[in-house]
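Visitor: I am new to this structure. Please take me through one part of it closely, and keep the sentences short.

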Amino acid sequence: MTRPDIQPHVRLLSVPGLPDAFLVDHQGRTTAQARHVHGSLVLGRVLSGRRVLETDAGTRVVEAGQAYALPPGLAHACHDRTEVRARCLCLGPRSLALLGLDSDFRRRLAREVLAARELIDQDGDRDCVALARAVGVSPWRLSRAFRQGMGLTVPEYRVHRRLCAAKKLLAQGASPAYAALEAGFFDQSHLNREFRRRVGLTPVQYAGALRPDKKHT
């Protein structure tokens with residue numbers, strides 16, 4: 001019988017002087033996350049419990065007292081097999097630039113991958129066939145090169161960009177229903193499913209973590 005998930009308690013606190021940096025205080029056990037990427041450098045430390053990180057390089061178990069780092073753009077999955085207490089510092093591109101650090105984790109992407117990524121960033125509705133036609137390669141070649149270069153498939157990266165847009169809207173106070181439609185999801189249920197799979201929280205929990213002084217029902 002599957003053990004029910006312990007709903008995590010998460011707080012996100014802004015860092016004075018750094019425009020896109022957050023301190024994340026996490027306690028609980030998150031649902032196993034699908035592969036995803038962050039646009040920020042994540043520096044974390046497990047205070048209690050055990051965190052499992054899976055990347056193309058393999059699986060790493062981070063025990064209590066140990067630290068870990070996730071570079072921007074590194075595709076990974078995170079599984080909390082026990083209740084975990086962890087703290088993370090997330091430094092976005094602008095904060096990294098202010099600190100004199102390079103935020104471009106993947107500089108050696110193939111031409112077609114760079115072009116396809118830019119097209120997805122501009123218009124997330126194109127499928128792999130349309131993207132391949134636009135960048136002048138076969139769909140098979142683009143799919144293979146994109147997965148190798150980005151660590152995500154084209155559909156996974158498309159969902160990632162939509163989640164980024166939804167997060168920005170939620171941070172601005174938008175409702176989950178409005179954020180879902182504006183970010184390109186079919187409806188709020190679609191947003192909820194993808195949010196839980198890749199963020200480990202519901203959109204309401206994420207918004208509540210950004211505004212801990214307000215109660216969300």
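Guide: Begin with a term: two strands pair if DSSP finds at least two bridges between them. Helices (H or I, at least four residues) and strands (E, at least two) are DSSP runs, numbered from the N terminus. The model is predicted: local features need pLDDT of at least 70, side-chain atom pairs count only at pLDDT 80 or more, and totals for chains, interfaces and linings use all residues. Residues are numbered from 1 along each chain as its sequence is written, and side-chain values use heavy atoms, with hydrogens and water left out.

Now the sheet. It is open and has five strands. Their order is β1-β2-β8-β3-β6, and the pairing is antiparallel. Its edge strands are β1 (9-14) and β6 (67-70), and each pairs on one side only. On average, neighbouring strands are turned by 15 degrees against each other, direction ignored. Axes here are lines fitted to C-alpha atoms, for helices over the stretch in contact, and angles run from 0 to 180 degrees between N-to-C directions.

Look closer at the β1 edge. Six bridges join β1 to β2 (residues 21-28), in the antiparallel sense. Take Leu12: its bridge partner in β2 is Val24.

A helix lies across these two strands. This is α8 (residues 203-210), which lies across β1 and β2. It runs at about 45 degrees to β1.

Helix α8 also has a helix beside it in this account: α7 (residues 188-199). Two packed helices are described by the angle between their axes and the distance between the axes. For α7 and α8, the axes come within 9 Å and cross at roughly 65 degrees. The pair is therefore roughly perpendicular. That label covers 65 to 115 degrees; angles under 35 count as roughly parallel, over 145 as roughly antiparallel, and the rest as oblique.

Which residues in α7 and α8 meet? From α7 come Leu191, Asn192, Phe195 and Arg196. From α8 come Pro203, Gln205 and Tyr206. Contact means heavy atoms within 4.5 Å. By class, this contact has four nonpolar, two polar and one charged residues. Ala, Val, Leu, Ile, Met, Phe, Trp, Tyr, Cys and Pro count as nonpolar; Asp, Glu, Lys and Arg count as charged; the others, Gly among them, are polar.

So the path runs through these parts: β1 pairs with β2, α8 lies across both strands, and α7 meets α8.
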